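Could you walk me through the strands and ring contacts of this protein? I would like to follow the reasoning step by step.

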Amino acid sequence: MSIYLHDIPLDTAQTRFAEALAAAGLGGLLEVEQIPLDERAVGRVLAEPVWARLSSPHYHAAAMDGFAVRARDTVGATLTQPVTLRYGAQTVYVDTGDPLPAFANAVVPIEEVESITDEGELAADPRRPPGIRLRAALPPWKHVRPLGEDMVATQLVLPAGHTLRPVDLGAIAGSGHDKISVARHPRVAVLPTGTELKPVGEPVQEGDIIEYNSLVLAAQVNAWGGQATRFPIIPDDAARIREQVRAAAETHDLILLNAGSSAGSEDYAADVVAELGQLLVHGVAVRPGHPVILGLIQRAGDAAAPPWVPIIGVPGYPVSAALTGEIFVEPLLARWLGRPASAPQTVQATLTRKTTSPGGDDDYVRVVVGQVGQRTLAAPLTRGAGVISSLVRADGIVVFPRGSQGLPAGAEVTVRLYRSPQELSRTILAIGSHDLTLDLLAQFLAGRERRLVSTNVGSLAGLVTLRRGEAHLAGSHLLDTTTGEYNVSYVRQYLPGVPVNLVALVGRAQGLLVRRGNPLRILGLADLTRPDVQFVNRQRGAGTRVLLDYHLAQLGLAAADIAGYEQEEYTHLAVAAAVASGRADCGLGIAAAAAALELEFIPLFSERYDLVIPREHYDSPLLAPLLDLLQSKELRQMVGSLPGYDVSVMGIINN
């Protein structure tokens, strides 16, 4: 049985919330205000249509500096038989924008006339001469902006619900307005809760969590047209949470109560909402973001204000919080502002690997997207609801609908994009082994109009991905235990018939990562079989795992005798984090990962890390900046400054 009050489908929750808002008089435009027409109006949403008060231009205006004339007076003018017009009676000088004299219906540019004296000589004053000589006829309204050319009085300039852009301000001003009616910014209170939370910038200790959900939620609200207020952190105390919610309801249109929405011993959000108003929904079948709360709080103060204030209980995990904003908050603010809800660009893509999904939930899967050859590919990222970096890295979201239970590799999916298609066309997709140098490459490429997006699945899986044509390159460091060569035999095995270049990126040291001081006195692989040592491994198919297994076999050590051999991580930094946190005593990884988390490094082996690049991509303009970078002195110096790296091999092809 569900621990939530009701665990309901997303569309049911949205409908229930919308119906309650409509019944409370909160289903449409929130409030209208009139503001001055100035540059601060950009981004505001029109609450009423703008109708032109004036025509623009509101008179016949000269479109060029020159002489206003009657078109019929110029008939017959040619290069050999010019026409002469008398100044004052038949022509006058006008600047661009000047009203045309009543007699005129055309303007001849000043550079196309000869200003002459009564004797036919060139006049001293070219703008007010006794006469002008024309050598070409003009049609009526040539070089004239007629009245209403841009817009005519009473014409619709912009409709209600339009979000104002800089050019819109000019059109409104030109139509005779100096004030506009816009939707008021909805006022949104963001209330973070949790005794374990610490404000940004304060020192943290074990058990403390930096509170940044309110920062993300408030930024979302402001970006979507609201006006957010971040409240101080509220400890896990039901009475204090109740007091702050009640206070926020008096001065705000919407409350976002962050964390405490689940069913733990210190999760008070649902009870507070029920005590202060109506608890409409507690638990939505969506992942991440399961324990969402939707409700209404009764306002006790201002009798002129609406009696109910919506409240959304936002889950505490960062990804859940951000996606709750997208799913529930943005559409509500759009409704109150009178604009359409956001509709992200979408693209059809091929899923790069099998992805499972809970059968009863709408599953929001973060993906990176790249265009490889003629195909657009979507590679799923880490699924954890607490991994906000996955949203930072994500190019978009794929929604696996309720009942799908996931999709196989090769399935066609619709990606809701976070980035433009132009950015995706500049993306280099790297799927394979992890190395910190890839992050440095990504930083350097950002200044060269390229994005390097890497997904860490291990060396072997990277080669399989290349075989399926689902990446531009793969990082690999697979040791052939027979020949001592790196990668060559594996490329032949997994990419038969595919022309590739093996481009060396770095030589690097592999060794054991242990905590400072090496408290367990771990010196080599033989120590991994000790009963007091907990190991953390890399995933199957990772080059580091292959290297470990080879040397274990050389030493006659059995994997079954190593506590933690089956405990797997997907990156060197994740291994380092497991050791630094005390979840493991040691792991095999690179020196740079040890240095990053202030661990000790016990060097054991040297290896070569290559970029495996199919030649069709190696020769493409997309990868040219990356290959040029491998010859860059600046990149070599930066990588060489990291511990455990040898850059002398960088850029060498080892086919």
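What follows is a short conversation about this predicted model.

Student: Let's begin with the sheet that contains β4. In which order do its three strands lie?
Tutor: This is an open sheet with antiparallel pairing. Its edge strands are β6 (91–94) and β7 (106–109), each of which pairs on one side only. From one strand to the next, the twist averages 35°. The order is β6-β4-β7.

Student: How many bridges hold β4 and β7 together, and which residue stands opposite Val69?
Tutor: Strand β4 covers residues 66–69 and pairs with β7 in the antiparallel sense. The number of bridges between them is four. Opposite Val69, in β7, stands Ala106.

Student: And on the β6 side, what is the bridge partner of Gly66?
Tutor: β4 and β6 also pair in the antiparallel sense, over four bridges. The partner of Gly66 belongs to β6. That residue is Val94.

Student: Which residues cover the two faces of β6, and are they buried or exposed?
Tutor: Take one side first: Thr91 and Tyr93 are found there. On the other side are Val92 and Val94. Both faces are covered, and these four residues are all buried.

Student: Now to the rings. Is the Phe67 and Tyr87 pair stacked or edge-to-face?
Tutor: A pair of aromatic rings is described by the distance of the centres and the angle of the planes. For Phe67 and Tyr87 the centres are 6.4 Å apart and the angle between the planes is 85°. Planes over 60 degrees apart fall in the class this pair belongs to. The pair is edge-to-face.

Student: How many residues apart are Phe67 and Tyr87?
Tutor: Phe67 is in strand β4, while Tyr87 is in the loop between β5 (83–86) and β6. Their burial can be stated too: Phe67 is buried, with a relative accessible area of 0%, and Tyr87 is partly exposed at 26%. The pair links distant parts of the chain, with a separation of 20 residues.

Student: Why is the pair of Phe67 and Tyr93 called edge-to-face?
Tutor: The ring centres of Phe67 and Tyr93 are 5.6 Å apart. Both residues are buried. Their planes meet at 75°, so the pair is edge-to-face.

Student: Which residues do the ring pairs link into a cluster?
Tutor: The structure holds two aromatic pairs. One of them, Phe67 with Tyr93, ties β4 to β6 across 26 residues of sequence. Together, the ring pairs make a cluster of Phe67, Tyr87 and Tyr93.

Student: There is also a sheet of six strands. Which strands stand at its edges?
Tutor: The sheet is open, its pairing is mixed, and the order is β16-β13-β17-β21-β20-β18. An edge strand here has a single partner, so one side of it is left without a neighbour in the sheet. The twist averages 20° from one strand to the next. The edge strands are β16 (227–230) and β18 (277–282).

Student: Within that sheet, what is the bridge partner of Leu296?
Tutor: Strand β20 (residues 293–298) runs antiparallel to strand β21 (residues 308–314), and six bridges join them. The partner of Leu296 is found in β21. That partner is Pro310.

Student: Last one: which residues make the nonpolar surface patch of about 250 Å²?
Tutor: One member, Ile210, is found in strand β15 (residues 209–210). Patch residues need over 30% relative accessible area, and Ile210 is partly exposed at 41%. The patch is made by Val200, Val204 and Ile210.

Note on methods
Residues are numbered from 1 along each chain as its sequence is written. This is a predicted model: local features need pLDDT of at least 70, side-chain atom pairs count only at pLDDT 80 or more; totals for chains, interfaces and linings use all residues. Side-chain values use heavy atoms; hydrogens and water are left out. Patches are made of residues with over 30% relative accessible area and no salt bridge: like charges are joined within 9 Å, nonpolar side chains (Val, Leu, Ile, Met, Phe, Trp, Tyr) within 5 Å. Accessible areas come from the Shrake-Rupley method with a 1.4 Å probe; for residues, only the protein chains shown count as cover. A salt bridge is a side-chain nitrogen of Lys or Arg within 4 Å of a carboxyl oxygen of Asp or Glu. Buried means under 20% relative accessible area, exposed over 50%, partly exposed in between (1.4 Å probe, protein chains only). Two strands pair if DSSP finds at least two bridges between them. Axes are lines fitted to C-alpha atoms, for helices over the stretch in contact, and angles run from 0 to 180 degrees between N-to-C directions. Rings of Phe, Tyr and Trp (its six-membered ring) pair if their centres lie within 6.5 Å; planes under 30 degrees apart count as stacked, over 60 as edge-to-face and the rest as tilted.
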